[in-house]
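Student: I should like to go through the assignments in this model and the criteria behind them. Please begin by showing the structure.

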Amino acid sequence: MALKTYKEILADIDTFLFDVDGVFTDNRVLLYPGLDPVRTFHSRDAYAVQHAVKEGVRIVVITGGRSAGVAEAFGRLGVTEFHHSVPDKSAKLDELIAATGLDPTRAAYMGDDVPDLRVMARVALPCCPADAAEEVKAISRFVSGKPGGMGCVRDLLEQALKLQGKWMNDNAHTW
């Protein structure tokens with residue numbers, strides 16, 4: 001039996017899990033004494049996330065980092081499942097499966113570096129930005145043409161929402 005294409009898998013995905021640094025950001029962090037590290041997000045990634053949330057798509061963020069600003073930003077986008085300071089993302093996936101019934105066979109995960117590998121290997125659609133680590137690219141079924149922090153999240157979500165008939169609808173025209 002032939003393997004499904006990533007688009008065939010994407011059509012059935014109902015949960016998107018994301019790392020933060022290197023996916024929503026370009027991996028650069030501004031460090032100022034006494035302040036949380038400063039990161040920037042691409043506004044089109046943010047738009048796609050809030051639209052997906054409005055369409056009932058489950059968005060889960062799992063990051064090893066901790067930043068009040070990042071948590072607040074995801075909250076403004078409607079993301080209610082934000083997990084920070086996570087040392088083992090695969091163990092966090094186990095917790096989510098047990099506590100919330102998350103189904104890895106209907107989930108995608110976008111990561112960019114070695115700490116993402118184990119959880120990526122467990123979901124239906126492992127994904128990464130164009131500039132991900134080579135080990136991550138090697139196991140990804142979808143490699144965005146966009147680098148981290150430059151629209152890779154939008155690339156993935158827009159394709160999924162189009163396949164599921166949830167992209168250009170009445171909800172698309174508002175934040």
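Student: In which loop is Ser 85 found?

Tutor: Ser 85 is found in the loop between β3 and α4. These labels denote DSSP runs numbered from the N terminus, helices being H or I runs of at least four residues and strands E runs of at least two. This is a predicted model, in which local features need pLDDT of at least 70 and side-chain atom pairs pLDDT 80 or more, while totals for chains, interfaces and linings use all residues. Residues are numbered from 1 along each chain as its sequence is written, and side-chain values use heavy atoms, without hydrogens and water.

Student: What makes the phi of Ser 85 worth noting?

Tutor: Its phi is positive, about 55 degrees, although Ser 85 is not a glycine. Most residues other than glycine have a negative phi.

Student: Why is Ser 85 called partly exposed?

Tutor: Buried means under 20% relative accessible area and exposed over 50%, with partly exposed in between (1.4 Å probe, protein chains only). Ser 85 has a relative accessible area of 37%, so it belongs to the class in between.

Student: Why is the contact of Arg 106 and Asp 14 called a salt bridge?

Tutor: The term requires a side-chain nitrogen of Lys or Arg within 4 Å of a carboxyl oxygen of Asp or Glu. For Arg 106 and Asp 14 the N to O distance is 3.0 Å, so the criterion is met. Arg 106 lies in the loop between α4 and β4 and Asp 14 in the loop between α1 and β1, so the pair ties together parts 92 residues apart in sequence.

Student: How do you know that Lys 89 forms a salt bridge with Asp 116?

Tutor: The closest N and O atoms of Lys 89 and Asp 116 are 2.7 Å apart, so this pair also satisfies the criterion. The pair links helix α4, which holds Lys 89, to the loop between β4 and α5, which holds Asp 116, 27 residues apart. Both Lys 89 and Asp 116 are buried.

Student: What makes β3 and β6 edge strands?

Tutor: Two strands pair if DSSP finds at least two bridges between them. The open sheet has six strands in the order β3-β2-β1-β4-β5-β6, with parallel pairing. Strands β3 and β6 each pair on one side only.

Student: How do you know that β1 pairs with β2?

Tutor: Four bridges join β1 to β2, so the requirement is fulfilled. Within this pairing, Val 60 in β2 is the bridge partner of Leu 17.
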